[in-house]
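Reader: I would enjoy a close look at one part of this structure, with enough of its surroundings to place it. Could you walk me through it?

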Amino acid sequence: MAEHDEIRSLRDALSVTPDNLPLRLHLAERLMQLGRAEEAASEFRDALSRAPNNPACKIGLARAFYEQEKNSEALVIVEDLIRNAERPAAAYLLHARLLLRAGDVARAVREYKKAVDDDPGVADEALAERLGVTGFEEASGSEVVDGKLRQRGDDEEGPSNLAVERPKIAFKDVGGMEDLKEEIRMKIIHPMTHPEVYKAYGKSIGGGILMYGPPGCGKTHMARATAGEVKARFLSIGIHDVLDMWIGQSERNLHEIFETARRNKPCVLFFDEVDALGASRSDMRQAAGRHQINQFLSELDGDKGDNDGVLILAATNAPWHLDSAFRRPGRFDRILFVPPPDAPARAQILRILMQGKPADGVDYDHIGKKTDAFSGADLKGLVDVAVEGKLKEAMKAGVPKPLNTKDLLNAAKGLRQSTKEWFATARNYALYSNQGGIYDDILKYLKL
Ligand SMILES: Nc1ncnc2c1ncn2[C@@H]1O[C@H](COP(=O)(O)OP(=O)(O)O)[C@@H](O)[C@H]1O
Ligand SMILES: [Mg+2]
């Protein structure tokens, strides 16, 4: 069953029996598995309103928050569960993750051990490995084969703590951004699919593309779609993975990340919020920064392994924090601005976001024109709000009603356009530290 059909039929069933708690928890868990944490959160919340104090609903909501990086919200619930729940193993586990995310490894280890003591069933090998506590319980991902130690999943997915995805979205699921799609095709896709042609023209192969721009405008979405477009695997490395390396706790390092990508080729290796490597941020451990950057660059240069079949993309909201060494030829020598979507792109994004939802004669072009400065993420919020409103109506009326133009326009009214703040900062960098014209695109966009 296609993803949206499955979810829709679960939702339909729930609209008939809204008090069916196991069913709602099942829907929420499915949404979590599909990476739709925000929707999962709203189901857990709903479940909780019907069954206050139910620990399964609480831990579910906390996990959904964790997935959305709403760390303090997650923490509040977790602390409450640790105090009050009968068997808080799942709460200890999530607490360990939150502590690890905050960089407090020592406490994370303690909480992890409490979790496993309480219920060995919650043992999480990937987390244990990141905490450097593998071997303290019996379950282990390693086995000895032909006299060599083998990690589980060695032959394809790589270490289990690095999640290699197979994205189902492709360029057609990205609204607008035609120039960027073309750059990605020319700079990294074609060199991979037709290396001989590039060599014949004396074009070097290698390096990656760095996307920068305001949050919520589709950088991460585009990276994932690039993998789907060429049916490659997708390995996304976020700021937390990088920070964990600074802690130096585990042997897992940058080399392992690149090796995982190389083992899974063709693979898009995506560094999200890559400014974390720039070491100019105050929350970064300065001392390790230079060493880490050099190691990263030598992996990027292919000194330590063959990067054929590995497409490298990176994204940041704050390119000004990025070390200039990243920009040399053969590295991220294409630095591309991802602006907020224009009106036609907004219309297209809305069409994509509305796929599979009941709609009636929606004038997307019109709404596109009326949503100036909305990011893709803002548009997603708009659709969510409109759907919620419609659901309420449908519940009252007892019949489902399709969404129309007015519903979407009304939903837009209460929403904030989130790209403006970013431009307030970007403007200053573009005006006053625009070395080599790297921010000319911002100036052009702002018509300065
Ligand atoms: N051009 C786009 N086409 C389709 N959906 C988009 C687009 N831009 C943003 N979105 C939606 O908004 C969400 C947030 O975008 P994201 O890629 O996370 O932004 P960024 O990485 O630039 O902060 C995406 O998950 C996607 O649903
Ligand atoms: Mg992103």
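In which loop is methionine 177 found? Please start there and carry on into the sheet and its neighbours.

Author: Happy to. One point before we begin: this is a predicted model.

Methionine 177 is found in the loop between E3 and H9. Its phi is near 60°, a positive value in a residue other than glycine. Most residues other than glycine have a negative phi, and most peptide bonds are trans. As for its surroundings, methionine 177 has 26 other C-beta atoms within 10 Å, so it is buried; the cut-off for that class is 20 or more.

The two elements on either side of this loop both lead us to the sheet. This is an open sheet of 6 strands with mixed pairing, and its order is E3-E5-E6-E7-E4-E8. Strand E3 (164-165) and E8 are the edge strands, each pairing on one side only. Helix H9, residues 178-193, packs on the sheet and touches E4, E7 and E8. The direction of H9 makes about 160° with that of E4. Helix H13 (residues 254-263) packs on the sheet as well, where it touches E3, strand E5 (233-237), E6 and E7. The direction of H13 makes about 170° with that of E5.

Let us stay with E4 for a moment. This strand covers residues 208-212, and 5 of its 5 residues are buried. In a regular strand the side chains alternate between the two faces of the sheet. Both faces of E4 are covered: Ile209 and Met211 are buried on one side, and Gly208, Leu210 and Tyr212 are buried on the other.

The partners of E4 are E7 and E8. With strand E7 (residues 310-316), E4 pairs in the parallel sense over 5 bridges. With strand E8 (residues 334-337), E4 also runs parallel, and 4 bridges join the two. Tyrosine 212 is a handy marker for both pairings: it stands opposite threonine 316 in E7 and opposite phenylalanine 337 in E8.

On to strand E6, residues 267-272, which runs parallel to E7 and is joined to it by 6 bridges. Leucine 269 stands opposite isoleucine 312 in E7. Aspartate 272 is also found in E6. This aspartate counts as buried because it has 21 C-beta neighbours inside 10 Å. The C-alpha atoms of aspartate 272 and leucine 313 are separated by 8.4 Å, although these residues are 41 positions apart along the chain.

Just before E6 there is another backbone detail to look at. Proline 266 is found in the loop between H13 and E6. A cis peptide bond, with omega about 0°, joins lysine 265 and proline 266.

It is worth setting methionine 177 beside asparagine 53. Asparagine 53 is likewise a residue other than glycine with a positive phi, near 75°. It lies in the loop between H3 and helix H4 (55-67). Here the surroundings give another result: asparagine 53 has 10 other C-beta atoms within 10 Å, so it is exposed, whereas methionine 177 is buried. Helix H3 (residues 37-50) also holds aspartate 46. With 18 other C-beta atoms within 10 Å, aspartate 46 is partly exposed. Its C-alpha atom and that of arginine 24, 22 residues away along the chain, are separated by 8.5 Å.

Now for the ligand. Ligand 1 is surrounded by 18 residues, and the closest are Gly218, Lys219, Thr220, His221 and Gly376. Helix H11 (219-229), helix H15 (343-354) and helix H17 (376-397) are the elements that give two or more residues to this shell. By type, the shell holds 9 nonpolar, 7 polar and 2 charged residues. Domain 2 (164-337) and domain 3 (343-413) both contribute to the shell, so ligand 1 lies between them.

Finally, a step back to the whole chain. The protein has 20 helices and 8 strands. Of its 448 residues, 37% count as buried. Among contacts with a separation of 6 or more, 67% are between residues 24 or more positions apart.

Terms used. Residues numbered from 1 in each chain as written. Chains lettered and ligands numbered in written order. Predicted model: local features only at pLDDT ≥ 70, side-chain atom pairs only at ≥ 80, totals over all residues. Near = placed C-beta within 6 Å. Nonpolar A, V, L, I, M, F, W, Y, C, P; charged D, E, K, R; others polar. Domains from an automatic or database assignment. Buried ≥ 20, exposed ≤ 12 C-beta atoms within 10 Å, placed from the backbone. Pairing = 2+ DSSP bridges. Contact = placed C-beta atoms within 7 Å. Axes fitted to C-alpha atoms, helices over the stretch in contact; angles between N-to-C directions.
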